[in-house]
Amino acid sequence: MRTSLKWFNRMITVLLGLLLAITLIFAISSRHAGGPPQMFGHQMYVVLSGSMEPKIHTGSIIITKPYAANETLKVGDVVTFQAPDSPDTLITHRIHEIHNTGGTAEYVTKGDANDSADSSPVQASAIIARYSNLTIPYLGYYIEFLKTKLGLALLLIIPGLLLMLLSIIEVIREILKLEKNAKAKESTIST
């Protein structure tokens, strides 16, 4: 019983540590980059709609590679771009068609779950990233919750406090064990 309790305590400590580390990495990375979190030259975006399902599910994190203007895109590539009517809104859709007009490419995009292509073609200058075919399911819900005040309190402060509490409990246990061993040793020497 005691061994299983010790393993449970260690598992909880490791999980809380990982949760705290992931949270800190995302928070520091996004603050430092001034935009989406970045790791190893890749950007991470939260998927907020189901337009790319079943390939990319709502609430997932997608890993993208920043788009360079000299890259060649082809039909079937999944790209993240600024919405034509709202540059602050990012959309991730698949390139459905490519039109060359006046020496510049325009991309007709479409969400996999959508019945029709997007209403406006996307200019190459609006494309900011190419999907790297790596998705982390459900982590986006966590990241979006972390952006709220309640989420910040629950997911940063509470795990940190729990880790400290578990560490204090472990230290007290070890001190009590040492005292018990010292008393046992003392009673053995006196007899």
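1. In this predicted model, the side chains of Thr 92 and Thr 80 are joined by a polar contact of 2.8 Å. Thr 92 belongs to strand 5, which spans residues 86-101. With a relative accessible area of 17%, Thr 92 counts as buried, because the cut-off for that class is under 20%. Leaving aside residues up to four places away in sequence, Thr 92 touches Ser 51, Met 52, Ile 62, Val 78, Val 79 and Thr 80.

2. The pairing of strand 5 with strand 4 deserves attention next. These two strands run antiparallel and are paired over six bridges. One of the residues concerned is Val 79, whose bridge partner in strand 5 is His 93. Strand 4 and strand 5 also form a hairpin, with two residues between them.

3. Strand 5 is likewise paired with strand 6, again in the antiparallel sense, through seven bridges. Here His 99 has Glu 106 of strand 6 as its bridge partner. A hairpin is formed by strand 5 and strand 6 too, with two residues between the strands. In that turn, Gly 102 has a positive phi of about 65°.

4. Which residues make up the largest nonpolar core? The core has 10 residues in all: Tyr 67, Leu 73, Val 79, Phe 81, Ile 95, Ala 105, Tyr 107, Val 122, Ala 126 and Ile 127. At least two residues of this core come from each of strand 4 (78-83) and strand 6 (104-110). Val 79 thus appears both in the core and in a bridge with His 93.

5. Phe 81, a member of the core, has contacts with residues elsewhere in the sequence. Not counting residues up to four places away, Phe 81 touches Thr 89, Leu 90, Ile 91, His 93, Thr 109, Asp 118, Val 122, Ala 126, Ile 127 and Ile 128. Among these partners, Val 122, Ala 126 and Ile 127 are listed in the core as well.

6. Three backbone features merit inspection. The peptide bond joining Glu 53 and Pro 54 is cis, with omega of about 5°; Pro 54 is found in the loop between strand 2 (42-46) and strand 3 (61-66). Asn 133 has a positive phi, near 60°, although it is not a glycine. This residue lies in strand 8, residues 127-136, and is exposed at a relative accessible area of 59%. Tyr 138, also a residue other than glycine, has a positive phi near 65°. Tyr 138 is placed in the loop between strand 8 and helix 2 and counts as exposed, with 62% relative accessibility.

7. Helix 2 (residues 139-146) has Leu 139, Gly 140, Tyr 142, Ile 143 and Leu 146 as buried residues. These residues lie on the same side of helix 2, because the arc they cover around the axis is only 155°.

8. As to the overall architecture, the protein has three helices and eight strands. From the N terminus on, the order of elements is α-β-β-β-β-β-β-β-β-α-α. Of its 191 residues, 28% are classed as buried. The accessible surface comes to about 12,600 Å², and carbon and sulfur atoms account for 64% of that area. Among contacts with a separation of 6 or more, 52% are between residues 24 or more positions apart.

Definitions and conventions. Residues numbered from 1 in each chain as written. Predicted model: local features only at pLDDT ≥ 70, side-chain atom pairs only at ≥ 80, totals over all residues. Heavy atoms only, no water. Core = buried A, V, L, I, M, F, W, Y, C linked by side-chain atoms within 4.5 Å. Buried < 20%, exposed > 50% of the residue type's maximum accessible area, 1.4 Å probe, protein only. Helix = DSSP H or I, 4+ residues; strand = E, 2+ residues; numbered from the N terminus. Contact = heavy atoms within 4.5 Å. Polar contact = N/O pair within 3.5 Å; in protein donor to acceptor, adjacent residues only side chain to side chain. Pairing = 2+ DSSP bridges. Arc of directions from axis to C-beta. Areas by Shrake-Rupley, 256 points an atom, 1.4 Å probe, with all protein chains shown as cover.
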